[in-house]
Amino acid sequence: MRINPRHTQKGAVIILGGATILVLLILAFIIIFILEKGLPVVNLQFLSSKPRDLGRAGGIFPTIIGTIILPVVALLIATPLGVFTSVYLSEYTKETTLTKVIRFGTDCLAGIPSIIFGLFGYIFFVITLQMGWSILAGSLTLAVMVLPTIIRTSEEAIRAVPKVYREVSFSLGASGWQTVKKVILPNALPGIVTGVMLSIGRSIGETAAVIFTAGSSLRIPTTAFDSVRTMAVHFYILAREGISQENAYGTAATLIIAVLIINLTAYWLMNRFIARRG
Amino acid sequence: MANTMAEIKNKMRVEGLDLYYGKFHALTSVSMPVQENKITALIGPSGCGKSTLLRCLNRMNDLIPGTKVTGQVMLDDQDIYGQAMEVTDLRKRVGMVFQRPNPFPLSIYENVVYGLKVAGFRNRKMMDEVAERSLKGAWMWDYVKDKLDQSALELPLDQQQRLCIARLLAIEPEVILMDEPCSALDPIATMKVEELMLELAKNYTIVIVTHNMQQASRVSDYTGYMLLGKMIEFNDTRVIFTKPKEKLTEEYISGKYG
């Protein structure tokens, strides 16, 4: 017996819509759960004062500094490196076995667990290069960790720029680099920004790669060679060592809100850029 | 006498040109003159190599990996495939209008001055003048003069194509290559672009590839008929369309083929 297409259509809508609603519910549950437990602790005092007694009391100010500075330095290093690499791979090289191997390699690197990067950073940056547990070592490790993501998302964005734009640009006497600068990068920007945003999100939430390389000092850093603790690491230590559940959730709530603000700001900036170009 | 001398001046000359895409032999010893301030049309069925030949004239085929070219293409007295020819300079002298209107996703003004900017010009006043002159040259100044900052993508298709012509005029090319420039336009817009071509031919040398035989007979002075990568016949447009020498040409013109 054939099933009436109208019934299968109805079934499809229920399954597809149901999946979406379920996903949204799970997300909403997690966020509400953490905010509900964490927000009562969060106030100006909590955000602006130093932790006391290993974090049992006091605020989380130094970890906010750490959470800002590590990803910022990491992205300042990784973004230009990654974008330049992706431009070179997609615009300046012919498709050969070598480029395929490079692409396969970056895909593999993107899938490696972050703790491996943490161990690498510990052995290479902290020990071999004698950086110690420091902002520098932590940022470099994070940069290495997000580089594959930035390269691959940028490359996809660059490949998605219509081929005719390149042809027209060349036909008007532009050089390869002028075409990249004036046509390809501006048109690929939304995709590149998406990759950078993903990377910021991963860096901010990262614990394994950071705890081995930036350490977990609760002091406010003054140089690039000082150790810092990020909010994610702080949360991990507070919860793991059973120091303070309340402050752990407070930290988590702050982290979630921070990520939300960063994402909203980035999309707002990008939309403004697109609107300005027309 | 001076007049006849000027009339037979070759702006470009293709001599024994062979082109391979990898192993595919796309053009076989093609020769053709391109006369100054005239319109030369290339006709033939799909895949005959007419667009490929057109793209040899400003080396756009260089962008396709695996392309190999032998033979000569002379611009004035210089081989454009020779060592001394800088390809960016060549493309400023031999410009191109593409099949589909393809303005950049920028404002109308930024589209027109793109070629100037990549050539290193920064003087705003001079660029304003060139933009106005180019848009007038493409017969669209009155239509766009009040909305130069608007996105070019919001223009109707035929105005977009004219903008592409204006963008090209801004870099003052000597030769304009047109690759089926009207195939995305309706008949009225096509007629306008054809009129524009006749006007442009007073100052520029034009080579046009077209699917449309009527278009070739309406606008061109010379016509080349191509088939399977070979130039079957090249002559005065009148001769090609009234008494072609080759049987293959006649079959195509009369609609028995293609």
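**Strand pairing and burial in a two-chain model**

In chain B, A41(B) has I208(B) of β8(B) as its bridge partner. The structure is a predicted model. A41(B) also has a bridge partner in β9(B), namely T223(B). Both pairings start from strand β3 of chain B, which covers residues 39–43. Strand β3(B) runs parallel to strand β8 (residues 205–209) of chain B, and four bridges link the two. Strand β9 (residues 222–227) of chain B is also parallel to β3(B), again with four bridges.

How much of β3(B) is buried? Five of the five residues of β3(B) are buried, and the strand is mostly covered. The residues of β3(B) point in two directions. I39(B), A41(B) and I43(B) point one way. T40(B) and L42(B) point the other way. Residues on both sides are buried.

Strand β3(B) belongs to an open sheet of six strands. The order in this sheet of chain B is β6-β7-β8-β3-β9-β10, and the pairing is mixed. At the edges stand β6 (94–97) and β10 (230–236) of chain B, each of which pairs on one side only. From one strand to the next, the twist averages 20 degrees.

Chain B contains another open sheet, built from four strands. Its order is β2-β1-β4-β5, with antiparallel pairing. Strands β2 (24–35) and β5 (78–79) of chain B are at the edges and have a single partner strand each, so one side of each has no neighbour in the sheet. Strand β1 (residues 10–21) of chain B is antiparallel to β2(B), and eight bridges join the two. Within this pairing, M12(B) has V34(B) of β2(B) as its bridge partner.

The next values describe chain B as a whole. Chain B has twelve helices and ten strands. Its radius of gyration is 18 Å, and the globule rule gives 18 Å for 258 residues, so chain B is as compact as a globular protein of that length. Along the principal axes, the C-alpha atoms of chain B fill a box of roughly 55 × 45 × 45 Å. Of the 258 residues in chain B, 45% are buried. Contacts in chain B were also sorted by separation along the sequence. Among contacts with a separation of 6 or more, 67% link residues 24 or more positions apart.

Not every residue of chain B is buried, as E129(B) shows. E129(B) lies in helix α6 of chain B, which spans residues 124–137. Is E129(B) buried or exposed? E129(B) has 11 C-beta neighbours inside 10 Å and therefore counts as exposed, since the limit for exposed is 12 or fewer. In sequence, E129(B) and A170(B) are 41 residues apart. In space, their C-alpha atoms are 9.8 Å apart.

The two chains touch. Chain A brings 17 residues to the contact, and chain B brings 22. On the side of chain A that touches chain B, α7 (163–171) and α8 (176–205) of chain A each supply at least two residues. Helix α7(A) gives the most, with six residues. By residue type, this side of chain A divides into seven nonpolar, six polar and four charged residues.

Confidence was examined for chain A. The mean pLDDT of chain A is 91, and 99% of its residues score at least 70. Which elements of chain A have the lowest and the highest mean pLDDT? Helix α11 (residues 245–277) of chain A has the lowest, at 85. Helix α5 (residues 114–128) of chain A has the highest, at 95. Where pLDDT is low, predicted coordinates should not be read in detail.

One residue of helix α11 of chain A is A248(A). A248(A) has 24 other C-beta atoms within 10 Å, so it is buried, because the limit for buried is 20 or more. Leaving aside residues up to four places away in sequence, A248(A) touches F235(A), L238(A) and A239(A). A248(A) and I3(A) are 245 residues apart along the chain, and their C-alpha atoms are separated by 54 Å.

Note on methods:
Residues numbered from 1 in each chain as written. Chains lettered and ligands numbered in written order. Predicted model: local features only at pLDDT ≥ 70, side-chain atom pairs only at ≥ 80, totals over all residues. Rg over C-alpha atoms; globule rule 2.2 N^0.38 Å. Contact = placed C-beta atoms within 7 Å. Nonpolar A, V, L, I, M, F, W, Y, C, P; charged D, E, K, R; others polar. pLDDT = per-residue confidence, 0-100. Pairing = 2+ DSSP bridges. Axes fitted to C-alpha atoms, helices over the stretch in contact; angles between N-to-C directions.
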